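Got your viewer open and a selection box ready? Here's a short walk through the model, one stop at a time.

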Amino acid sequence: MCGIVTYLGKQQALPLLLEGLKRLEYRGYDSAGIAVMDGQPVRLMKSVGKISELEARIDPVKFNGTAGIAHTRWATHGKPNEANAHPHFSCDRKLFLVHNGIIENYLPLRRELEAAGHKFVSETDTEVLVHLVEANKKSGLDLTAAVQHALRRVVGTFGIAVLDQDEPGVIVVAKRGSPLIIGIGNDEILAASDVSAFVRLTKQVVYLNDNDVATLRRGDYSIVSIEGPAEVEREVETVDISAEALEKRGFKHFMLKEIHQQPDTVVNAVRGRLLPEEGVSRLGGIEPVLERLKSARRLSIVSCGTSFYAGQYGRYVFEALTNLETDVALASEFRYRSVRFDEKSVVLALSQSGETADTLAAIREAKRKGALVLGIVNVVGSSIAREAGAGVFMHAGPEIGVASTKCFTSQSIIMVLMALLLGRYQNLTFNEGLRILRAIEEMPKHIQDMLDRQEQMLEIARKYHKAKNFLFIGRKYNYPIALEGALKLKEISYVHAEGYAAGEMKHGPIALIDESFPTMAVVPQDETYDKMISNIQEIKARNGKVIAVASEGDREIRKVVDDVFYIPRTLDLITPLLAVIPLQLFAYYTADLHGREIDKPRNLAKSVTVE
Ligand code: BG6
């Protein structure tokens with residue numbers, strides 16, 4: 001979704017806003033814009049494409065000012081072009097506004113404003129906001145009140161910032177549904193969709209709640225609600241993210257860096273959570289609701305994208321280790337399911353960003369119906385982390401590559417810990433628990449071993465990257481891994497790929513198979529091995545090429561398939577979290593061989609804050 005950032009202080013705003021935009025670019029990157037003021041008429045520049053294109057068009061000498069707002073866009077209403085890029089401005093060009101979210105009732109508002117003589121220059125939903133504020137200002141309200149009144153008429157989600165030529169030294173921001181955080185600096189104040197935009201300048205932040213309107217002044221701010229004049233207090237928190245963590249550290253892409261971080265991020269996800277002496281795990285974040293969890297009967301996992309496939313893996317794990325009836329739902333479809341909840345129902349939301357609007361809507365639905373809502377989230381302070389009743393943080397550090405990698409393994413291993421914790425209150429024995437803990441402790445070494453052999457996957461990608469289509473197959477725990485592998489390839493290389501349950505292949509997709517349609521088969525030597533080999537034989541019988549992700553020491557597989565990437569042996573339950581690594585590498589190298597923008601694939605965004 002879009003990214004917004006504002007600056008007000010003693011320094012020149014331009015370089016800080018551009019730096020902030022570059023940090024937010026993973027949220028949307030089809031067009032961008034910036035408005036800066038310093039007592040003179042506001043300077044505005046907008047452009048189509050990446051932040052670098054906007055930067056190239058600005059002459060810093062002419063663009064001076066210590067106050068400004070900026071925006072990077074992921075188009076929802078209106079094509080990526082200059083007119084639709086933000087900031088949008090009022091008829092008198094005195095008000096400038098940037099927005100992240102969707103205004104659902106923009107058409108009737110637009111008609112009303114056009115009837116009142118306002119001239120619109122874009123196709124966006126956002127533009128109605130700046131004209132509403134203008135109308136309120138014309139009726140004599142100050143900027144804060146004008147924004148409050150405007151937002152009372154709006155249906156939808158927003159994170160906005162408004163700059164007013166007639167009120168220098170003030171920026172008004174507001175939020176509902178989209179993330180917005182204030183950064184309190186030394187004699188300067190910022191606001192942004194994500195702390196990464198200003199964490200180099202300050203780690204003192206205020207997370208705005210829905211319907212908060214904040215008036216920012218140099219070195220000071222005040223918050224009211226959209227509904228009224230009374231001031232509201234919000235806690236000042238300190239974020240634990242270093243600016244270095246936001247650098248590529250010598251890797252060609254953030255995605256490759258994040259793939260290589262997994263030995264560490266798995267350690268971070270389980271640090272202090274393994275109790276081998278008791279053969280169990282400990283998750284402080286769910287202890288307050290443990291009694292309710294222990295008596296729960298049904299678990300619904302809700303999420304989107306890569307987190308959805310982690311959820312599918314999680315279902316197999318909870319069913320294997322606990323007595324919980326477990327289902328997994330696409331968050332965007334969850335609202336249409338008439339699921340009956342009661343005090344024995346638990347809903348587990350998985351989300352890297354903690355801001356995915358579909359998942360947020362799903363947990364609000366579940367809460368309304370009385371379910372206990374838990375979250376496994378990476379971003380501290382995010383909406384899902386704050387709205388879930390309890391939960392577990394991944395501690396994976398910022399994930400900047402739009403295609404999620406390290407957070408897939410982190411949220412998956414945390415579900416293993418959660419299932420282990422509950423299972424040990426049910427039928428899981430000490431030894432079974434200990435075996436799982438031992439396997440988890442070995443994961444970082446196993447992952448590093450595969451990363452050290454990444455060249456092998458580069459060779460395989462070199463051989464197959466020209467293929468136009470791919471099938472990914474697996475069984476049981478490895479079926480969701482096949483789905484995730486296919487998603488990774490689609491997301492960043494734009495090569496069509498389908499993940500399929502291997503047993504289902506003969507009921508349809510096998511019709512696609514020929515020598516130009518390769519298959520990636522996740523076929524470790526576990527209980528599904530023999531059946532996987534039969535499925536591979538069915539493909540080979542139709543001249544299909546097969547690449548296998550197989551268990552170390554499996555010599556037989558070489559006789560059946562065309563290429564093999566070997567993964568270390570471990571528990572069946574943990575093997576999928578190793579098998580996903582070569583699939584991440586395969587997608588990465590294929591995309592790189594196609595010269596794709598791997599960290600910012602077309603049409604995608606890191607966290608989608610609109611439904
Ligand atoms: C998409 C991202 O927008 O959202 C995916 O491109 C991600 O990488 C999906 O898996 C869900 O995001 P989250 O933050 O809720 O896990």
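**Stop one: a salt bridge to start from**

Select D210 and R364 and show their side chains: they meet in a salt bridge, 3.4 Å from N to O. Bear in mind as you go that this is a predicted model. In general, side chains of opposite charge can pair when their charged atoms come close.

**Stop two: zoom out to the domains**

Now colour by domain. The domain assignment gives domain 1 as 3-246, domain 2 as 249-450 and domain 3 as 453-599. Draw a line between the C-alpha centres of domain 1 and domain 2 and you get 34 Å.

How many residues of domain 1 are in contact with domain 2? Select them and you should have 13 residues on the domain 1 side, touching 13 residues of domain 2. Together the two domains bury about 1000 Å², with 52% of that on carbon and sulfur atoms. To see where domain 1 gives up its area, pick Y26, Y207 and L246: these lose the most to domain 2, together 40% of what that side buries.

Next, look at the polar side of this interface. The rule finds one salt bridge across domain 1 and domain 2, plus three residue pairs in polar contact. Colour the domain 1 side by residue class and it splits into eight nonpolar, two polar and three charged.

**Stop three: a turn in the backbone**

Go to N211 and check its backbone angles. Phi is near 70°, a positive value in a residue other than glycine. N211 sits in the loop between β11 (204-207) and β12 (212-217).

**Stop four: the sheet**

Switch to cartoon and follow β12 into its sheet. What is the strand order of this open sheet? Reading across, the seven strands go β5-β6-β7-β8-β12-β13-β14, and the pairing is antiparallel. The edges are β5 (88-89) and β14, each of which pairs on one side only.

Zoom in on the β14 edge. Residues 220-225 make up β13 and residues 228-231 make up β14, and the two pair in the antiparallel sense over two bridges. A hairpin joins β13 to β14 through two residues. Label V224 and look across: E231 in β14 stands opposite.

Then jump to the other edge and select P87, in the loop between β4 (67-73) and β5. Is the peptide bond from H86 to P87 cis or trans? Here the bond is cis, with omega near 5°.

**Last stop: a long-range pair**

A search of the whole structure turns up 39 salt bridges. One to select is E25 with K600, whose side chains meet at 3.5 Å, N to O. E25 is in the loop between α1 (13-24) and β2 (31-37), while K600 is in the segment after α19 (575-593), so this pair ties together parts that are 575 residues apart in sequence.

Definitions and conventions: Residues numbered from 1 in each chain as written. Predicted model: local features only at pLDDT ≥ 70, side-chain atom pairs only at ≥ 80, totals over all residues. Heavy atoms only, no water. Domains from an automatic or database assignment. Contact = heavy atoms within 4.5 Å. Buried area = accessible area lost by both parts, 1.4 Å probe. Salt bridge = Lys/Arg side-chain N within 4 Å of Asp/Glu carboxyl O. Polar contact = N/O pair within 3.5 Å; in protein donor to acceptor, adjacent residues only side chain to side chain. Nonpolar A, V, L, I, M, F, W, Y, C, P; charged D, E, K, R; others polar. Pairing = 2+ DSSP bridges. Helix = DSSP H or I, 4+ residues; strand = E, 2+ residues; numbered from the N terminus.
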